[in-house]
Each structure stands twice: as C-alpha cells, then as structure tokens.
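Visitor: Could you take me through one part of this model closely, and then show me how it sits in the rest? I would like to begin with one chain and work outward.

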Amino acid sequence: MIASAVGVLFDGFAYGMLLFLLSVGLSVTLGMMNFVNLAHCSFAMLGGYVAVTLTNELRWPFLTTLPLAFLAAALVSVAFERLLYKRLYEASDLEQCLLTIGIVFVSVAAAAYLFGTVQQSVALPSYLRGTVAIAHQSFGVYRLFLIGVSLLITIGLIAALEYTRFGAQVRAAVDNQRMARGLGIDVGRVFATTFALGSGLAGLGGALAVEIVGLDHAFAFTYLVYVLIVVAVGGLGSIGGSFAAATVLGISDMAGKYYFPELGAFLIYFVMITLLMWRPAGLFGRR
Amino acid sequence: MTSGAVSEPQRYLEVRIRWQPLEIAFWLTSLLPFWLTPSYLVLASQIAITALFALSLDLILGYAGIVSLGHAAYFGFGSYTAGLIAKWGWGEPITGLAAAAVAAGLLGFLTSIIIARFRHLALIMITLGFGLLLAEAANSASWLTGGADGLQGVRIWKLLGFFPFDLYGHAAYAYSLCVLFLAFLLARRLIHSPFGLALRGIRERAIRMPAIGAQSPAHIRKIYTIAAVLAGIAGALLAQTTETVSLETLGFQRSADVLVILILGGTGRLYGGIVGAIVYMVARDQFSGINPQYWYFWIGLLLIAVVMFLPNGILGGLARLVPHRWRPA
C-alpha cells in the first residue's frame, strides 16, 4: 500500500509537471492581457506532432526534436497573435472564447486530416526507457527526465521573471497594464514575446506528453479542460500558482484513477469547482 | 421627460413589444415545411428543438451577458428526466415535458445561486465544470442512464391521444414548433419588460447596476433558472421525439455547438438562435456525407470569420442592410 502510494505520488507529480509545462504560458498571457486563449493546447498539439514526425519519419533523435517542437509552436503562435489575436484584445471574453475555439476546431480537423485519428507514439532512445530502482522502489526513467526538465524550466522561468529587465517588464504589465504603458514599456511587444515563449513551452510540453498520455487529433480539446483548470485554480499570471495547481491536479487525478477508477474524472471537476467557489481568483490570484 | 402618465422607458418598451410584419411573416413561414418539404419534417423538428435550446442560451448570454460553456447540462438533464419518466411507464408527452421543465428548473435554480456570484473566467470555468461534472455523473450512473449505450426502452404515447410520433415527423414537428413558439412568446415578453431592461443593464455594466439599486444577483438567478427551464424543455422534446437519450445530450460538444449556433445567428436579438439553428442544421444535413471531423474544420473557420468580420452574427449583418423601420425588435 505504501509502495503503491509512493508510486502514485511519483507518477502524479510527473503528470503534474507535464500539466504545468502545458499551462504556464496560458497563465501568464491570460494574466497580462486578459485574453482567453482556448487555443493554447492547439500549440501544444503542434509541438507534439512536430516531435512525432521528426522522430518517426525522419529518424531524428528524440532529444533534438524538443527544441524544434518549442520553436515551431512559438513561431506559429506569434503568427496567430499578430494576425488574429491582436485585434481582439479590447473585445469581450465571449468573442475571444469564440475566436480561439474556432482555431481549436480547425486545428483538430487539420490534425485528423494530416495524421489520421490514431494514437501516435514516439520512439524514445534507450537511455530514456525502463526504470531505475531507488530504495526498493522503481521509478520510470522517462518520468524522472520529465520532472528534471520541468523543474529546470520552472527555476529558469522564475529566475528570468525575477532577475531580468524583461521579467520586470512582464511583471509590471501583468500588475497594471496601463501604468506599464505609461512608464514607456511597449506592452504589445512584451506580450508578443511572452506569448511566443508560453506557446513554445506548451509545444515542448506537447512533445514531452506523447510518451505519457499519447497524442491524437483531439489533444487540443482533451487537455484544454485540464489546462484551464490549472490556470483558473492557480490564479492568473502566477507561475508559483500554476506550479502548485498543476501538482495538486496531477497527483489527485492520478490518485483518483488509481484508487477510485469508477469515479472517472468526477473528482477533478469537483475539486476545481470547490476551489473556485472558495477562491474565485485562484489560489494565488490577486484579482 | 414624462408626457402624461407614460414615462419614456414605458413608451420605449411599448414600441418594442408591438409585433412587426417581418416577425409574423417569419412564424407563418415556419409552417411551410408541412407542405413544401414533408420529407424533411424530422430535420425540421430537430431545428425547432435546437432553436429552443439556442433561445434559452440567448436569454442568459445575449441579454444578461453570462458566458456559459456548460449549458448542455440543463438540456441533458431535461432529456434524461423526460426519457426516464417515459421508460418507467408514463409516456404521456405533455406532462413529461412539464416534469422535465420542473426538474431542469430546480437544477438551474440551485446552480444559479452559485453562478450569480461570479463573472469572467471563474464563471466560464464553473459553468464548464458543472457541465463536465454532470456528464461524468451520468456516465458513472449507468444503472440509471444506460451509460454510453444511451437510455433504451423509451416509449412515448400518442400526442393528445391522437397523433403518434412516427418516422415522418408530422407530430414531432408540430409539437416542437408549438413548444418553441410558446417559449418564444414567453422570452419575448420577458425581455421587453423592465426586468429585461435590467438584464441588459447587467450585460452592459455589471458593477453599475447595484449602484442604481438593481438587485443584480436576484435578476441573474431568475433569468438563469428560466433559461434552464427552457433548455430542459428542449432536451425533453429531443428525448420524446427521438425516443432515446444519449450521453451526448450532456456533452461539452453540445454546449459548444449551441454557442456556435447562437453566435452565428447573432446574440441578444431573440431570432438569432432560431436563424442560427436553421443555417447550422440545414448545412450539417447537407454536408452529412463528409466526415464530422472535417465538418468542424468549416465550423471553426466560420467562427473565426464571424468574430473577425461579422461581430453581431447573421442577423446583425442583415440588420445593417434592412431599413430601420422594418427591423424586428
């Protein structure tokens, strides 16, 4: 029982890290521009398909595909931001929701057209497969790798936000957009950069997710709900909040699936609604 | 500002409540499928049901500005209520419809207490969460709902004791159209009342309404409950005319579809949902040969185009072409 609890905690934590990578970009961009970007997971899906195509079709090593998944998602997202999103910053929640849900529909259909509706898998190099035993408990190597990558990114993100000039501009824009503009910060440019970075991280998360949760054409829909839960519960614009919410969600989802399989996703939705009713702005939200 | 005993807002509402020739023509046209396209009456009844569902969403979204991503919860709840009552041996359609309306209304009232306290992202997430929660619950309770196989063994008696729900859909369309029209009359009366004006106030500036003494949370609870009742009736109509209920009635897809339909037609103008339902359902019927995945490609493109170029939907676009005095309310 204890052994399984450790296993569930470990798997849940790895899953939570994945959710964190997928959602952190959305949290920051939502906090900054109040733009409800439901298409965030479409960029993650793009990253996933880039990794799958490069490893399986072109025989690239898995690790070299990760930066490309990041880049592809970042570039495509910036194109969307400049072409479509930019015009709707002043529009209502509803219009933003609709535009981005339209993009989700299109991306899901395009993925089904290009790659079919089958579950994709990715060929991992041998050093990322199998398990290692630590104190009589076996841990999946890939999950350890995933946790390592996510923790590095988290530390990097927090350091970049806290200690660089650009990070200060981002924080200023999240806190008070008008004031930041008044101080001469080009909020549009800062936002575009953050948006690209956040979507890139989603793309990276999508590529890393293939091994854990698989990838099919509906990915943009399936994980949208999870990502929104992380963002709403963690609080907008808060990296720490997203981290905490993703961890809690990952572990409780894994525990729910392991101990109460008959409940399905019921537990997750219930936890989300209760948390939101208690704190509508999220656990770490300021607004 | 007042002339005699009639104040300015009263006069405004009086003008609004008058029936326009275009509206009467529209409802008379809705009878044409009986003679012109008798082989499409089943589709016509589906359109009427979808239109009623979209109308109910219009009441909360178009008038009170409550964005809901989980409106299918009430549709599905009404659907299952009507289906279960019929399955348990009481197949009388009209009382079944009433029971479903009461059940959905109760659920709507209970959730509205929570809904009225939130706005923006938290509101969207909570409505989404409720929808998913209910769908999950129905999936888990397969002993009651039949789970993924759907509710089997629903038998509906003849409408008013005379008209059977057959494959041709005469009774189904007449029944759905009557219910849609009655619901429309109710909605039309509601939004052309001081209560309707208060709702539009909430939509335009939620913070200001309490400042002028309006009971915004109470208004939201009321309209949300009414919308839930109408959605439940729409769901019950679907259950009764098709004699089956599937999990899909509660699904996120249905919530998203009805939102698309309403946006397509135009929000906040009563007829938007109906026009949207006609365009959407007819197009889907025509393109039913193509894979549903590719259908959503076009729907997605359409959504992007509507948001970018036609912010007020089809009716909003048409309204710009039509002279002012002909416009329906």
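Guide: What follows starts with chain B, goes on to the contact between the chains, and ends with chain A. The model is predicted, and every value below is computed from it.

Chain B first, as a whole. Chain B is built from 16 helices and has zero strands. Its radius of gyration is 20 Å, close to the 20 Å that the globule rule gives for 329 residues, so chain B is as compact as a globular protein of that length. Along the principal axes, the C-alpha atoms of chain B fill a box of roughly 60 × 45 × 45 Å. Of the 329 residues in chain B, 48% are buried. When contacts in chain B with a separation of 6 or more are considered, 79% of them come from residues 24 or more positions apart.

Now the inside. The largest nonpolar core has 202 residues, and Leu52(B) and Ile233(B) are the ones with the most contacts inside it. Leaving out residues up to four places away in sequence, Leu52(B) touches Val179(B), Leu180(B), Ala183(B), Leu230(B), Ile233(B) and Ala234(B). Ile233(B) therefore appears twice: it shares the place with the most core contacts, and it is among the residues that Leu52(B) touches. In soluble globular proteins, nonpolar side chains tend to be buried together.

One helix of chain B can be checked by simple arithmetic. Helix α5 of chain B covers residues 72–87, and at 1.5 Å a residue its 16 residues should span 22 Å; the end C-alpha atoms are 22 Å apart, which agrees. Most of α5(B) is covered, with 15 of its 16 residues buried. After α5(B) comes Gly89(B), whose phi is positive, near 110°.

A positive phi also turns up in a residue that is not a glycine. Most residues other than glycine have a negative phi. Glu243(B), however, has a positive phi of about 55°. Glu243(B) is found in the loop between α12 (216–242) and α13 of chain B. With 17 other C-beta atoms within 10 Å, Glu243(B) is partly exposed.

Next, the place where the chains touch. The contact takes 30 residues from chain B and 32 residues from chain A. On the side of chain B that touches chain A, α7 (120–140), α13 (252–265) and α15 (292–309) each supply at least two residues. The helix that gives the most to this side is α7(B), with 14 residues. By kind, the residues on this side of chain B divide into 23 nonpolar, six polar and one charged.

That leads to chain A. There are 11 helices and two strands in chain A. From the N terminus on, the order of its elements is α-α-α-α-β-β-α-α-α-α-α-α-α. A compact globule of 287 residues would have a radius of gyration near 19 Å, and chain A has 19 Å, which agrees. Buried residues make up 49% of the 287 residues in chain A.

The two strands pair with each other. Strand β1 (residues 131–134) and strand β2 (residues 137–140) of chain A run antiparallel and are joined by four bridges. Ile134(A) has Gln137(A) in β2(A) as its bridge partner. Together β1(A) and β2(A) form a hairpin with two residues between them, and Ala135(A) in the turn has a positive phi of about 50°.

Another positive phi in chain A belongs to Arg59(A), with a value near 60°. Arg59(A) is found in the loop between α2 (40–56) and α3 (62–83) of chain A. Arg59(A) is exposed, with 8 other C-beta atoms within 10 Å.

Two alanines of chain A complete the picture. Ala72(A) has its place in helix α3 of chain A, and it is buried, with 23 other C-beta atoms within 10 Å. Setting aside neighbours within four places in sequence, Ala72(A) is in contact with Leu46(A), Gly47(A), Val50(A) and Gly203(A). Ala255(A) lies in helix α10 (residues 239–259) of chain A. With 16 C-beta neighbours inside 10 Å, Ala255(A) counts as partly exposed. With neighbours within four places in sequence again left aside, Ala255(A) is in contact with Val8(A) and Gly12(A).

Technical notes. Residues are numbered from 1 along each chain as its sequence is written. Chains are lettered from A and ligands numbered from 1 in the order in which they are written. This is a predicted model: local features need pLDDT of at least 70, side-chain atom pairs count only at pLDDT 80 or more; totals for chains, interfaces and linings use all residues. A nonpolar core is a set of buried Ala, Val, Leu, Ile, Met, Phe, Trp, Tyr and Cys residues joined through C-beta atoms within 7 Å. A residue is buried if 20 or more other C-beta atoms lie within 10 Å of its own, exposed if 12 or fewer, and partly exposed in between; C-beta atoms are placed from the backbone. Two residues are in contact if their C-beta atoms, placed from the backbone, lie within 7 Å. Ala, Val, Leu, Ile, Met, Phe, Trp, Tyr, Cys and Pro count as nonpolar, Asp, Glu, Lys and Arg as charged, and the others, Gly among them, as polar. The expected span of a helix is 1.5 Å times one less than its number of residues. Two strands pair if DSSP finds at least two bridges between them. The radius of gyration is taken over C-alpha atoms; the globule rule is 2.2 Å times the number of residues to the power 0.38.
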